[in-house]
Amino acid sequence: MADPTDERELFLHWQAGDAAAGRRFVSHHLPAIARFFGSKVPQSQDADDLTARTFEVLVGKLAGYRGDGSPRTFLFAIAHNVLLGWVRDKRREDDRFELGSISAVALGPSVTTMVHARRQQRLLLDALRALPMDAQVMLELSVFEDMSRADIALVTGTPAGTVAHRLRRAKEMLAEEIVRQAETPALAATTTADLELWARGLRVALAPGIDNGERG
C-alpha cells in the first residue's frame with residue numbers, strides 16, 4: 001500500500017485497515033484534541049480521559065466517515081459531542097442541554113499550567129473560559145484551529161448561516177470580558193490590540209511540547 005501523503009488519504013488508508021496510517025493520524029491530531037479539552041474542563045485527568053474517549057469513538061465511527069468535511073472536522077465533531085455529553089453528565093441535565101447555558105469557569109477553576117505564558121495569554125484564557133461554552137468553542141475553532149465557518153458549522157451542528165453572526169458576537173463578548181478581568185486598562189489594551197498574537201502563543205501553551213503543526 002502506498003504511503004499516504006495528505007490527511008484525507010491517510011484517513012482513507014486507516015479506514016481500509018492500515019493501522020500505521022491510523023497511528024499517524026492520531027499522533028498528528030492528538031495535540032489539538034488535548035488542547036480542545038484542556039481549555040474547558042477543570043481537571044487535567046478529565047481532559048486526558050475525554051481526549052482518549054474521543055479517539056475511541058473515532059475508531060468506532062471510522063466506517064461512518066463519508067467525506068462531509070475533512071477528517072479533522074469529523075474528529076472535532078466527535079470531540080464536541082464528547083464534551084457536550086460530559087458537561088451534561090456533570091450538570092445532570094436532559095438531552096435539551098446546550099453549551100450556551102454554561103461556561104467553563106462555572107464547572108470549576110482551571111488547573112491548566114502555563115508556566116511560561118505571558119500575562120496577556122493568561123488573561124485571554126480566563127476570558128475565554130468565562131464565555132458561554134458554545135461561544136468559547138467557536139472562537140477556539142476559528143482562532144486556534146484556523147477552521148472555516150463551514151467547518152465550524154459541521155463541528156458544532158450550527159446552521160452555516162448563523163456561524164458568522166455567532167462568531168462576531170463571541171468576539172464582542174471576549175473583548176468585554178478581557179476588559180472586565182484585566183488588572184489594568186493597559187493590560188486589556190495590549191491583549192485586545194494584538195489578539196491573534198496572544199492567541200497563537202496560548203495555542204502552544206495549552207499543548208506544550210507537542211504542538212507540531214497538526215492543523216490540516
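A salt bridge, as the term is used in these legends, is a side-chain nitrogen of Lys or Arg within 4 Å of a carboxyl oxygen of Asp or Glu. A search of the whole structure, which is a predicted model, turns up seven of them. Side chains of opposite charge can pair when their charged atoms come close.

**Figure 1. The whole protein, built from ten helices and zero strands.** Walk along the sequence and you get the pattern α-α-α-α-α-α-α-α-α-α. Of the 216 residues in the protein, 49% are buried. The accessible surface adds up to about 10900 Å², and carbon and sulfur atoms own 51% of that surface. Take the contacts with a separation of 6 or more: 66% of them are between residues 24 or more positions apart.

**Figure 2. Helix 6 packing against helix 8.** Here residues 133–143 form helix 6 and residues 160–181 form helix 8. Their axes sit 9 Å apart, at an angle of about 100 degrees. That angle makes helix 6 roughly perpendicular to helix 8, because 65 to 115 degrees counts as roughly perpendicular. On the helix 6 side, look for Ala135, Met138, Leu139 and Ser142. On the helix 8 side, their partners are Val163, Arg166, Leu167, Ala170, Lys171, Met173 and Leu174. Sort the residues of this contact by type and you get eight nonpolar, one polar and two charged.

**Figure 3. A buried pair, Arg35 and Glu145.** These two form a salt bridge, and their closest N and O atoms are 3.0 Å apart. Arg35 belongs to helix 2 (residues 19–38), while Glu145 is in the loop between helix 6 and helix 7 (149–156), so the salt bridge ties together parts that are 110 residues apart in sequence. Both Arg35 and Glu145 are buried.

**Figure 4. Asp146, in the loop between helix 6 and helix 7.** The backbone is the thing to look at here: Asp146 has a positive phi of about 55 degrees, although it is not a glycine. Asp146 counts as exposed, because its relative accessibility is 55% and the cut-off for exposed is over 50%.

**Figure 5. Glu183 and Arg119, side chains meeting in a salt bridge.** From N to O, the distance is 3.7 Å. Glu183 sits in the loop between helix 8 and helix 9 (185–193) and Arg119 in helix 5 (residues 119–130), so this pair links parts that are 64 residues apart in sequence. How open are the two partners? Glu183 is exposed, at 64% relative accessibility. Arg119 is partly exposed, with a relative accessible area of 44%.

**Figure 6. Arg180 and Glu177, a salt bridge within helix 8.** This time both partners lie in one helix, three residues apart, which is about one turn of the helix. Their side chains meet at 2.5 Å, N to O. Is each partner buried or exposed? Arg180 is exposed, with a relative accessible area of 59%. Glu177 counts as buried, because its relative accessibility is 12% and buried means under 20%. There is also a network to find: Arg169, Glu172 and Glu176 are joined into one by salt bridges that share partners.

Terms used:
Residues are numbered from 1 along each chain as its sequence is written. This is a predicted model: local features need pLDDT of at least 70, side-chain atom pairs count only at pLDDT 80 or more; totals for chains, interfaces and linings use all residues. Side-chain values use heavy atoms; hydrogens and water are left out. Axes are lines fitted to C-alpha atoms, for helices over the stretch in contact, and angles run from 0 to 180 degrees between N-to-C directions. Helices (H or I, at least four residues) and strands (E, at least two) are DSSP runs, numbered from the N terminus. Angles under 35 degrees count as roughly parallel, over 145 as roughly antiparallel, 65 to 115 as roughly perpendicular and the rest as oblique. Contact means heavy atoms within 4.5 Å. Ala, Val, Leu, Ile, Met, Phe, Trp, Tyr, Cys and Pro count as nonpolar, Asp, Glu, Lys and Arg as charged, and the others, Gly among them, as polar. Buried means under 20% relative accessible area, exposed over 50%, partly exposed in between (1.4 Å probe, protein chains only). Accessible areas come from the Shrake-Rupley method with a 1.4 Å probe; for residues, only the protein chains shown count as cover.
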